[in-house]
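Got your viewer open and a selection tool ready? Let's take a walk through this one, stop by stop.

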Amino acid sequence: MCGRMLNHSLMNETELQVARGHCQKLWEANYPDEPWYVLDDPTKSQVFISGDKQTKMSYDITAAVERQSAFYYQVSLPHHRDDEFLRNSEIRYRQFLALVWANPTHLIVPTYDIDVLWHTHQVHPKKYEIDTKALLKKILDHDDSVNQRHRGSKLNTSDRFTRQQWRSSFRSKYSRDGAMFRCEPTKRYIKPLPPSLEDSALTSLPIKLRICGEEIDGQLIPKMEQKFVDESVMTKMYGFVPSVTMVQSESERDNKIFGVPMFTSTFRLLKDSDENKLPMLDAEVYHDYTMWHGSALHLYSASNSPEKRQLVALVHTLHNNTLPSQNTWKDSDTRNTELPLRNTIRGERALVVKLCDGDWAVLVGYW
């Protein structure tokens with residue numbers, strides 16, 4: 001579009017205000033019919049482009065924004081803004097660049113702590129151009145469109161190659177606690193709570209829990225049903241990425257079944273004691289005892305038709321590599337005490353509470 005690399009550098013708030021004011025004057029002079037502050041006026045929420053103006057961009061900027069929103073979710077936990085965590089990320093980013101240099105024909109896959117540094121480097125495009133050309137004899141392309149994680153995909157096989165090269169080159173583990181894929185952004189599979197339930201579901205009302213199960217010798221035993229969960233569901237909602245070395249049976253491969261048996265039991269949250277009324281929420285509890293060793297609670301907006309109910313909240317145990325462990329910080333005096341960390345020596349696990357708008361809470365404890 002411009003025929004050259006556009007330079008950019010980070011600015012403080014005062015510098016940003018001056019730059020925005022200058023840009024606004026240029027915008028209004030060149031595009032008088034198009035508003036500068038689009039979101040401030042709902043009546044001007046759509047930008048009209050004159051028919052004789054055609055974009056020269058071959059890059060799908062809308063799709064890129066969507067991908068970057070997913071990236072932001074991966075790095076939105078507070079440890080990605082911690083200085084000590086980022087100092088180690090910088091070392092790993094330099095190691096990542098060394099692998100790119102040593103393997104010019106392969107895709108080297110960064111973990112998310114490395115990717116944060118890669119994005120930061122590109123915020124200074126002229127310096128990025130100089131640095132990557134000096135190392136690689138070219139500008140290193142950041143292709144974020146490779147994001148399919150199923151077995152046999154380019155990302156999956158490249159991830160395996162990167163792990164092998166990392167271990168043989170640096171004699172250390174490629175994965176890092178707090179830097180791995182979490183799951184897809186919650187808006188892709190969790191719906192907003194229906195307005196009719198907002199007040200009653202989010203206030204302290206007496207709630208009766210009806211467990212769908214069988215009573216044996218006076219004790220209520222929830223009825224457990226074994227299910228096999230599809231790989232795409234596990235990856236999307238829980239962030240569990242299947243191992244490329246996992247052995248599958250022939251029938252599982254043919255049916256494209258992930259093969260993770262999970263036991264589920266069903267609960268109903270009622271507004272009052274009248275069980276004939278439509279329940280406020282349906283809840284399903286999942287327990288996996290094989291590969292994931294996790295549990296999940298799904299809350300659905302109740303409906304007379306199971307096909308019409310919608311997932312409105314999700315709670316599940318986090319994988320051990322989702323949060324940094326306390327031994328990541330060698331100097332306890334420099335550690336931010338507000339960061340959610342796991343104490344691996346005590347055997348702590350973590351739960352995440354998810355709503356449509358994102359993560360609502362992370363709970364850490366042991367039992």
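How do the residues of the lining of the largest cavity divide into nonpolar, polar and charged? They come out as 2 nonpolar, 6 polar and 1 charged. Before you go looking for them, keep in mind that this is a predicted model.

**Stop 1: the cavity**

Select Q74, H79, H80, G178, A179, M180, R182, N321 and T322, and you have the lining of the largest cavity. Its volume is about 30 Å³. A search of the whole structure turns up 1 cavity of 30 Å³ or more, so-called "largest" being simply the label used here for the cavity at this stop.

**Stop 2: the second largest pocket**

Next, head for the second largest pocket, with a volume of about 850 Å³. To find the middle, select M5, Y59, Q122, P125 and D141: of the 24 residues that line this pocket, these are the closest to its centre. Now colour α2 (61-74), α4 (112-122) and α5 (125-136), the elements that each give two or more residues to the lining. The largest share comes from α2, with 3 residues. If you colour the lining of this pocket by class, you should get 11 nonpolar, 7 polar and 6 charged residues.

**Stop 3: along α5**

Stay with α5, since it helps line that pocket. This helix has 12 residues and reaches 16 Å from its first C-alpha to its last, close to the 16 Å expected at 1.5 Å a residue. Show the side chains of P125, Y128, E129, T132 and L136, which are buried. Then turn the view until you look down the axis of α5: the buried residues fall within an arc of 100 degrees, so they line one face of the helix. What makes such a pattern possible? An α-helix has 3.6 residues a turn, so residues three or four places apart point the same way. Now select K127, I130 and A134 on the other side of α5, where they are exposed.

**Stop 4: two loop residues with positive phi**

Most residues other than glycine have a negative phi, and the next two selections go against that habit. Pick K137 in the loop between α5 and α6 (154-170). Its phi is near 65 degrees, a positive value in a residue other than glycine. Is K137 buried or exposed? K137 is exposed, with a relative accessible area of 71%.

Then jump to R171, in the loop between α6 and α7 (195-201). The phi of R171 is near 55 degrees, again positive and again not in a glycine. R171 is exposed too, at a relative accessible area of 67%.

**Stop 5: β7 and β8**

Time for some strands. Select β7 (residues 295-301): 5 of its 7 residues are buried, so this strand is largely enclosed by the rest of the structure. Add β8 (residues 310-317), which pairs with β7 in the antiparallel sense over 6 bridges. To see one of the contacts, pick L299 and its bridge partner in β8, A313.

**Stop 6: the hairpin**

Finish at β9 (residues 349-355) and β10 (residues 358-365), which pair in the antiparallel sense over 7 bridges. How many residues sit between β9 and β10 in their hairpin? There are 2. For a last click, choose R349 and look across to G365, its bridge partner in β10.

Key: Residues are numbered from 1 along each chain as its sequence is written. This is a predicted model: local features need pLDDT of at least 70, side-chain atom pairs count only at pLDDT 80 or more; totals for chains, interfaces and linings use all residues. Side-chain values use heavy atoms; hydrogens and water are left out. On a 1 Å grid over the protein atoms alone, a cavity is a set of points where a 1.4 Å probe fits but cannot get out, and a pocket is an open set with protein on both sides within 12 Å along at least five of seven lines; lining residues have an atom within 4 Å of a point. Grid points are joined across faces, edges and corners, and a volume is the space filled by probe spheres set on the points. Helices (H or I, at least four residues) and strands (E, at least two) are DSSP runs, numbered from the N terminus. Ala, Val, Leu, Ile, Met, Phe, Trp, Tyr, Cys and Pro count as nonpolar, Asp, Glu, Lys and Arg as charged, and the others, Gly among them, as polar. Two strands pair if DSSP finds at least two bridges between them. The expected span of a helix is 1.5 Å times one less than its number of residues. Buried means under 20% relative accessible area, exposed over 50%, partly exposed in between (1.4 Å probe, protein chains only). The arc is that of the directions from the helix axis to the C-beta atoms.
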